Amino acid sequence: AMRAMPPTDRHNYTKMRKEALMLVFKDSGYDIKNVKPAFEAFMCARNAVLVYDDSIRTINNLRKKGIILGAITNGNSNVWQIGSLSSLFDFSIRAEDAGEPKPGVSPFRYARKCCEEIL
């Protein structure tokens, strides 16, 4: 599915995964109305990550010092849906939000803009 996507969408893992599910469902004879719930189940599992206690402590220590904290990912995980992380970040940026993946400059410009809005 990724090769068939225009280069401008190749960083959009949400779109790519939904289109891949659509193809698999069609090829397997499954009802495509189940693509949405299948993707939602995938995202639920995708965001069920193990966050180490040391990470939480470190993030909390940085927050206590007044440091603005953001998450930047090339994937489509969502820190707002990860219970132990949901209240720890000031912003979260996915490649699909920024228009390109890291190491491109757009996610970092977007992060700077988020920081400026917070200040």
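How much of the accessible surface of the protein belongs to carbon and sulfur atoms? The accessible surface comes to about 7900 Å², and 54% of it belongs to these atoms. The legends below describe a predicted model.

**Figure 1. Overall view of the predicted model of the protein.** The protein contains 5 helices and 2 strands. Read from the N terminus, the elements follow the order α-α-α-β-β-α-α. Along the principal axes, the C-alpha atoms fill a box of roughly 55 × 30 × 20 Å. The radius of gyration is 17 Å, whereas a compact globule of 119 residues would have one near 14 Å.

**Figure 2. Burial and contacts in the protein.** Of the 119 residues, 29% count as buried. Contacts between residues at least 6 apart in sequence were also examined, and 41% of them join residues at least 24 apart.

**Figure 3. Charged side chains of the protein.** There are 18 positive and 13 negative side chains. The centre of the positive set and the centre of the negative set lie 2 Å apart.

**Figure 4. Confidence along the predicted model.** The average pLDDT of the protein is 90, and 93% of the residues score at least 70. Among the elements, helix α5 (residues 106-118) has the highest mean pLDDT, at 96. The lowest mean, 90, belongs to helix α4 (residues 95-98).

**Figure 5. Close-up of arginine 94 in strand β2.** Strand β2 covers residues 91-94. Arginine 94 has a relative accessible area of 22%. A residue counts as buried under 20% and as exposed over 50%, so arginine 94 is partly exposed. Leaving aside neighbours within four places in sequence, arginine 94 is in contact with Thr14, Thr73, Gly75, Asn76 and Ser77. Tyrosine 30 is 64 residues away from arginine 94 along the chain, and the C-alpha atoms of the two are separated by 30 Å.

**Figure 6. Close-up of asparagine 60 in helix α3.** Helix α3 runs over residues 53-64. Is asparagine 60 buried or partly exposed? Asparagine 60 is partly exposed, because its relative accessible area is 29%, which lies between the limits of 20% and 50%. Lysine 18 is 42 residues from asparagine 60 in sequence. From C-alpha to C-alpha, asparagine 60 and lysine 18 are 35 Å apart in space.

Definitions and conventions. Residues numbered from 1 in each chain as written. Predicted model: local features only at pLDDT ≥ 70, side-chain atom pairs only at ≥ 80, totals over all residues. Heavy atoms only, no water. Helix = DSSP H or I, 4+ residues; strand = E, 2+ residues; numbered from the N terminus. Rg over C-alpha atoms; globule rule 2.2 N^0.38 Å. Buried < 20%, exposed > 50% of the residue type's maximum accessible area, 1.4 Å probe, protein only. Contact = heavy atoms within 4.5 Å. Areas by Shrake-Rupley, 256 points an atom, 1.4 Å probe, with all protein chains shown as cover. Lys, Arg positive; Asp, Glu negative; His and termini not counted. Charge placed at Lys NZ, Arg CZ, Asp CG, Glu CD. pLDDT = per-residue confidence, 0-100.
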